[in-house]
Amino acid sequence: MILTLLTFGDRLENHYQASFAILTYLKSDLISKVCVVTDRPKYYEYFGDRVDVIDIDQNIMNEWRGKDDFFWRIKMKAIEAATLHNPEQDILYVDSDTFYVRDMEIISKGLSQGKSFMHENEGKISEMRSKTPRNMWKSLQGKSFSGVLINEDTEMWNAGVIALHRDHAKQTISLAIDICDEICKTDCPRRLVEQFAFSIALKHTSTLTAAENQIGHYWGNKPHWNAKIVDFFMFSLLSGSCVEADIDRIKTIDLESSPTVYKEKSTKGKVQNMLDKVFSPKDVQYFKGRKTTI
């Protein structure tokens with residue numbers, strides 16, 4: 001299985017998040033190689049021959065945005081590039097703000113059975129209540145894109161993880177890009193179009209399954225995780241640690257107890273504070289597969 005990530009730009013946090021993510025996935029022997037699509041190849045020399053780099057630049061990224069100039073089409077084309085670079089290999093794309101915990105064999109076995117994976121099912125777009133999905137449904141309901149109908153049962157999945165079996169990876173990514181391009185020509189809000197296009201394509205070509213019990217996604221608590229990651233790599237730097245030692249050390253780190261989503265409230269009353277001690281507040285979420293004790 002080829003682990004695939006996309007990173008670009010000057011913000012160091014994008015790259016140290018990706019590096020930390022890579023270390024967590026390298027705990028699994030089922031990851032045969034890592035492919036990083038990036039415009040900063042030097043940042044990944046630390047991994048030696050464990051990482052293959054697909055070197056991109058601003059011109060390539062501008063081209064990948066397509067005729068409709070959609071920014072997140074870059075991610076779709078990066079996954080396509082990794083697939084073409086690694087023919088006959090299963091592809092596990094992950095966002096940089098993810099981490100692997102356990103049971104990679106569930107994903108590997110699922111792929112061999114013709115399944116595909118995204119991070120989690122966010123629900124039927126026709127029933128979602130937030131503004132962007134609601135407006136997407138208003139724009140797209142009853143229409144077909146690349147032969148796939150958008151109806152009341154069409155789902156939105158989180159694209160922090162996208163896993164594809166070698167036999168249908170290329171055709172599924174191509175379908176997703178075609179769907180994305182067709183939707184971009186409508187009045188549909190664009191913010192989630194890449195994610196939605198992947199959701200439609202994977203569901204159409206395979207049995208789509210959640211990877212939320214194997215992989216965490218801290219999209220809603222980056223400040224905490226960034227501090228955790230900086231501490232990890234500062235220890236590595238100061239102690240002269242190598243990548244092999246860092247992989248061993250990351251196996252000892254508790255990745256389940258840190259929230260993946262944490263929205264701090266400005267003020268809390270006494271009743272709310274008391275309830276928070278008994279029940280987890282709705283604005284705090286954890287890795288879905290975490291082990292809890294009763």
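Trainee: What makes the Asp-248 and Lys-251 pair a salt bridge?

Mentor: The cut-off is 4 Å from a side-chain nitrogen of Lys or Arg to a carboxyl oxygen of Asp or Glu. In this predicted model, the side chains of Asp-248 and Lys-251 come to 3.8 Å, N to O. That value is within 4 Å, so the pair counts.

Trainee: Why is Asp-248 called partly exposed?

Mentor: Buried means under 20% relative accessible area and exposed means over 50%, with partly exposed in between. Asp-248 has 47%, so the label is partly exposed. Lys-251 has 48%, so Lys-251 gets that label too. While we're on salt bridges: Asp-10, Asp-39 and Arg-40 are joined into one network by salt bridges that share partners.

Trainee: How many salt bridges does the structure hold?

Mentor: There are 19. One of them pairs the side chains of Glu-194 and Lys-75 at 3.2 Å, N to O.

Trainee: Why do you say that the Glu-194 and Lys-75 pair ties parts together?

Mentor: Look at where the partners sit. Glu-194 belongs to helix α7 (residues 193–205) and Lys-75 to helix α3 (residues 73–85), so the bridge links parts that are 119 residues apart in sequence. Both Glu-194 and Lys-75 are buried.

Trainee: What makes Lys-77 and Glu-80 a salt bridge?

Mentor: Their side chains meet at 2.6 Å, N to O, and the limit is 4 Å. As for the spacing, Lys-77 and Glu-80 are 3 residues apart in helix α3, so about one helical turn separates them.

Trainee: Is Lys-77 buried or exposed, and how do you know?

Mentor: Lys-77 has a relative accessible area of 19%. Buried means under 20%, so Lys-77 is buried.

Trainee: Let's go to the loops. Why is Gln-214 called buried?

Mentor: Its relative accessibility is 6%, which is under 20%, so Gln-214 is buried. You'll find Gln-214 in the loop between β12 (207–210) and β13 (215–217). Setting aside neighbours within four places in sequence, Gln-214 has contacts including Phe-99, Tyr-100, Ile-106, Ile-107 and Phe-287.

Trainee: And what makes Thr-260 buried?

Mentor: Thr-260 comes out at 5% relative accessibility, again under 20%, so the verdict is buried. Thr-260 lies in the loop between α9 (243–250) and β14 (261–262). Residues up to four places away in sequence aside, Thr-260 touches a set of residues, among them Phe-99, His-217, Trp-219, Trp-225 and Phe-287. From Thr-260 to Glu-152 there are 108 residues in sequence and 30 Å in space, C-alpha to C-alpha.

Trainee: What does Lys-124 touch?

Mentor: Leaving out residues up to four places away in sequence, Lys-124 touches Glu-152, Asp-153, Thr-154 and Glu-155. Lys-124 sits in strand β7.

Trainee: Why is Lys-124 called partly exposed?

Mentor: Its relative accessibility is 31%. Partly exposed runs between 20% and 50%, so Lys-124 is partly exposed. Lys-124 and Thr-207 are 83 residues apart in sequence, with 16 Å between their C-alphas.

Trainee: What makes the backbone of Asp-69 worth a mention?

Mentor: Phi of Asp-69 is near 55°, a positive value in a residue other than glycine. Asp-69 is in the loop between α2 (58–64) and α3, and at 46% relative accessibility Asp-69 counts as partly exposed. Glu-88 has a positive phi too, about 65°, although it is not a glycine. Glu-88 is found in the loop between α3 and β4 (91–94).

Trainee: How do you know that Glu-88 is exposed?

Mentor: Its relative accessible area is 59%. Exposed means over 50%, so Glu-88 is exposed.

Trainee: Now the surface. Which residues form the positive patch?

Mentor: Arg-129, Lys-131, Arg-134 and Lys-138 form that patch. Lys and Arg count as positive, so the patch is called positive. Arg-129 is in the loop between β7 (121–124) and α5 (131–140). With 60% relative accessibility, over the 50% cut-off, Arg-129 is exposed.

Trainee: And which residues make up the nonpolar patch?

Mentor: Val-230, Met-234, Leu-237 and Leu-238, with about 410 Å² of accessible area together.

Trainee: What makes Val-230 eligible for a patch?

Mentor: A patch residue needs over 30% relative accessible area. Val-230 has 35%, so Val-230 passes that cut-off, and Val-230 counts as partly exposed. Val-230 lies in helix α8 (residues 222–239).

Terms used. Residues are numbered from 1 along each chain as its sequence is written. This is a predicted model: local features need pLDDT of at least 70, side-chain atom pairs count only at pLDDT 80 or more; totals for chains, interfaces and linings use all residues. Side-chain values use heavy atoms; hydrogens and water are left out. Patches are made of residues with over 30% relative accessible area and no salt bridge: like charges are joined within 9 Å, nonpolar side chains (Val, Leu, Ile, Met, Phe, Trp, Tyr) within 5 Å. Accessible areas come from the Shrake-Rupley method with a 1.4 Å probe; for residues, only the protein chains shown count as cover. The place of a charge is taken as NZ of Lys, CZ of Arg, CG of Asp or CD of Glu. Helices (H or I, at least four residues) and strands (E, at least two) are DSSP runs, numbered from the N terminus. Buried means under 20% relative accessible area, exposed over 50%, partly exposed in between (1.4 Å probe, protein chains only). Contact means heavy atoms within 4.5 Å.
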